[in-house]
Amino acid sequence: MRKLTMKSPDLTQSNIDRIAEWFPHVITETRDADGNLKRAIDFELLRQELSGDLVEGDGERFQLTWPGKKRAILLANAPTDKTLRPVREESADWENTRHLYIEGDNLDVLKLLQESYLNKVKCIYIDPPYNTGKDFIYRDDFRMSKREYLESSDQLDVEGNRLFLNTESNGRFHSDWLTMMYSRLKIARNLLRDDGVIFISIDDHELEHLRMICNEIFSGNFVAQITLLCNPKGRSQDKYFATNHEYILVYSKSELPKGYFSVSKDEEQIEAEYPEIDEHGRYRLLELRNTHREFGRHNRKNLFYPFYVDPETADVSLEPGEGRVKVEPIWDDGFEGCWTWDRNKARRELHLLTAKRSANGSWKIYRKSYAEGAVKMLKTIFDDRRFYTEKGQAAFSSLFGTKAKLFQAPKSVELIKTLLRTVTKDDDIVLDFFSGSATTAQAVMELNAEDGHRRRYILVQLPEPTREDSDAYRAGFRTIAEIGKERIRRAARKIREETGAGIDGGFRVFRLDSSNIKDVYYTPGEFVQTELSGFVSNIKEDRTGEDLLIQVMLELGLDLSLPMESRRIDGKTVHYVAGNSLMACFEDNVPESVIRKIAQERPLRVVFRDGSFADDAARINVEELFRILSPGTDIRVL
Ligand SMILES: C[S@@+](CC[C@H](N)C(=O)[O-])C[C@H]1O[C@@H](n2cnc3c(N)ncnc32)[C@H](O)[C@@H]1O
């Protein structure tokens with residue numbers, strides 16, 4: 001019976017595991033602060049293994065560094081002892097939805113998602129604070145006295161975590177922002193599939209720094225830097241030029257093939273660009289002659305050959321014949337050019353070729369290019385008016401039926417849809433861990449309504465308090481997360497009403513909270529014996545069976561959107577996840593009859609609580625029952 005750790009993975013240890021796979025002999029043991037043995041790396045040996053390529057400590061190399069970078073790596077790798085708790089009453093259509101809305105600091109949340117969503121996310125879109133000097137940034141290590149806090153301009157989120165106003169007078173203005181972003185991007189990358197992609201909105205304040213850390217984290221897999229015309233009037237309060245753009249950085253986890261981001265042409269474009277129609281659909285005629293003068297008979301001999309055209313029917317042939325006119329790729333001034341297809345391709349695709357007589361009486365060869373399946377590459381300047389910030393604000397306001405500024409500058413829904421269209425389909429997962437007013441959720445639902453796919457979103461948002469003098473506060477919203485959830489409910493209703501599409505308009509809400517397990521479980525050394533006797537159960541009193549179930553699912557790497565149900569078996573509550581993928585019973589004194597019934601369902605995994613068994617004999621009995629009735633079951637306790 002294996003014990004669950006009830007902690008997020010320790011990424012330092014998993015890095016050591018990876019090195020151990022390649023160089024097992026560099027692994028050694030050392031003792032931690034409590035005297036426990038733990039695995040470590042013998043760097044001298046590893047250095048020898050890599051001596052040809054190792055960059056020595058103080059050696060110069062091309063990199064971006066800042067005070068706090070090492071801490072950012074530590075922050076990213078350190079496990080969190082927090083957990084996610086389900087909030088059914090704020091969720092919509094809990095039973096059927098596959099979307100997730102998670103409230104909490106995204107660093108902890110990303111850590112908790114490491115097992116369940118490792119290599120599972122197709123696309124991440126984020127719109128982090130741009131560090132304009134007016135942004136609140138989340139302080140990851142909150143150690144400040146009350147006096148210091150009162151003297152500072154900081155505010156607390158609803159859980160008492162600190163958000164600080166990062167002004168340019170802060171000596172670590174850029175460093176603090178970079179530390180915050182680096183740790184989050186580093187672990188977010190783990191969640192991306194190998195063909196996964198990240199889009200990051202940013203402006204001039206941190207663009208060059210962000211590009212450098214992304215180059216490092218995404219191993220140089222830079223895809224594009226899109227310039228977005230977001231505010232056509234420009235910002236008149238700027239010092240020198242009226243800025244009217246921002247950027248979207250695009251990176252991929254691995255190198256992707258050419259054309260990966262191409263999208264289908266839309267109807268309007270197809271009608272404009274493909275004016276001809278035949279029994280196979282819309283098409284346009286493209287000249288077969290290469291229109292680049294640097295290519296011709298002199299350097300492309302195999303592309304210079306004659307066609308023969310029937311002047312009555314305009315049929316094209318490769319063979320001469322009675323009355324047929326010989327046509328070669330010769331320019332009006334006599335330059336001997338070339339075709340774009342060689343003779344073999346022309347023979348295979350002859351049915352696509354046709355000829356037209358031009359004004360001067362000479363014949364030209366054309367190929368039919370059909371609209372079906374036609375794709376286009378997006379350009380790196382986005383100047384579509386639907387992408388303007390004001391359009392984002394208008395879409396948001398119309399949902400809430402108010403002109404009040406409930407949320408500052410939500411992104412344009414059409415912008416996010418355009419990005420998502422490039423790389424997502426089917427039931428791909430889209431993650432936004434700075435989700436604000438939840439524009440990404442609306443974009444996912446609208447796209448699904450349009451094309452019938454079943455993309456799923458995971459949104460993460462800090463329960464950042466709204467200011468008391470804000471429109472949002474006056475409208476009754478106490479946190480930004482409340483605004484986000486309300487927007488999703490309203491958007492889902494509107495999309496259903498307007499399109500009639502049967503989209504998934506629900507979402508499961510989870511809230512970041514302290515672990516379900518009492519602290520003694522983690523640090524017994526800190527408690528004296530008399531206190532220990534108070535801990536009959538290792539579970540906090542206010543936690544429910546479903547709370548425990550979610551923490552177990554996170555540790556076992558199960559998707560939080562899987563179907564879950566609870567049944568009563570002989571008076572005890574038994575949880576089922578995705579049928580019998582996971583069964584769990586966290587009650588006290590679970591009788592043998594219940595354990596037998598669980599085993600008879602042959603679950604893949606089963607979890608009990610340590611305290612579920614009266615004594616060691618009962619525990620051994622459980623193992624025995626499973627050995628007989630369901631030997632394949634993975635049995636765990638917490
Ligand atoms: C610029 S807004 C995103 C706006 C969003 N794209 C939209 O269209 O509504 C950034 C959001 O990130 C949130 N945020 C900042 N730090 C965070 C953190 N550490 N964890 C989770 N959310 C955070 C802020 O509360 C803010 O709502």
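## What counts as exposed

A residue is called exposed when its relative accessible area is over 50%. Keep that cut-off in mind for L604, which we get to further down. One caveat up front: this is a predicted model.

## The overall picture

Let's start with the whole protein. There are 638 residues here, and 47% of them are buried. The secondary structure adds up to 18 helices and 30 strands. Along the principal axes, the C-alpha atoms fill a box of roughly 110 × 70 × 65 Å.

How much of the contact map comes from residues 24 or more positions apart? Counting contacts with a separation of 6 or more, such pairs account for 70%.

## Two nonpolar cores

The largest nonpolar core takes in 73 residues, and L84, L185, L210, M553 and L638 have the most contacts inside it. Helix α6 (residues 173-191) supplies the largest share of this core, with 9 residues. Two domains feed into the core as well: domain 2 (77-262 + 377-513) and domain 4 (527-637) each give at least three residues.

What does L185 touch? Leaving aside residues up to four places away in sequence, its partners are I126, I198, I200, L210, I213, C214 and I217. Then there's a second, separate core of 51 residues, with Y101, I248, L256 and F407 among its members.

## Where α11 meets α12

Two packed helices are described by the angle between their axes and the distance between the axes. For helix α11 (residues 413-423) and helix α12 (residues 439-451), the angle is about 60° and the axes lie 9 Å apart. The crossing of α11 and α12 is right-handed.

On the α11 side, the contact uses V413, E414, I416, K417, L420 and R421. Facing them from α12 are T439, T440, Q442, A443, V444, E446, L447 and E450. Sorted by class, the contact between α11 and α12 has 6 nonpolar, 5 charged and 3 polar residues.

## L604, out in a loop

L604 sits in the loop between α17 (592-600) and β29 (605-608). Is L604 buried or exposed? Its relative accessible area is 51%, and the cut-off for exposed is over 50%, so L604 counts as exposed.

L604 still has partners from elsewhere in the sequence: setting aside residues up to four places away, L604 touches N580, S581, G632, T633 and D634. Take S581, which is 23 residues from L604 in sequence, while their C-alpha atoms are 5.0 Å apart in space.

Note on methods:
Residues are numbered from 1 along each chain as its sequence is written. This is a predicted model: local features need pLDDT of at least 70, side-chain atom pairs count only at pLDDT 80 or more; totals for chains, interfaces and linings use all residues. Side-chain values use heavy atoms; hydrogens and water are left out. A nonpolar core is a set of buried Ala, Val, Leu, Ile, Met, Phe, Trp, Tyr and Cys residues joined through side-chain atoms within 4.5 Å. Buried means under 20% relative accessible area, exposed over 50%, partly exposed in between (1.4 Å probe, protein chains only). Helices (H or I, at least four residues) and strands (E, at least two) are DSSP runs, numbered from the N terminus. Domain bounds come from an automatic or database domain assignment. Contact means heavy atoms within 4.5 Å. Axes are lines fitted to C-alpha atoms, for helices over the stretch in contact, and angles run from 0 to 180 degrees between N-to-C directions. A crossing is left-handed if the near helix is turned anticlockwise from the far one by less than a right angle, and right-handed if clockwise. Ala, Val, Leu, Ile, Met, Phe, Trp, Tyr, Cys and Pro count as nonpolar, Asp, Glu, Lys and Arg as charged, and the others, Gly among them, as polar.
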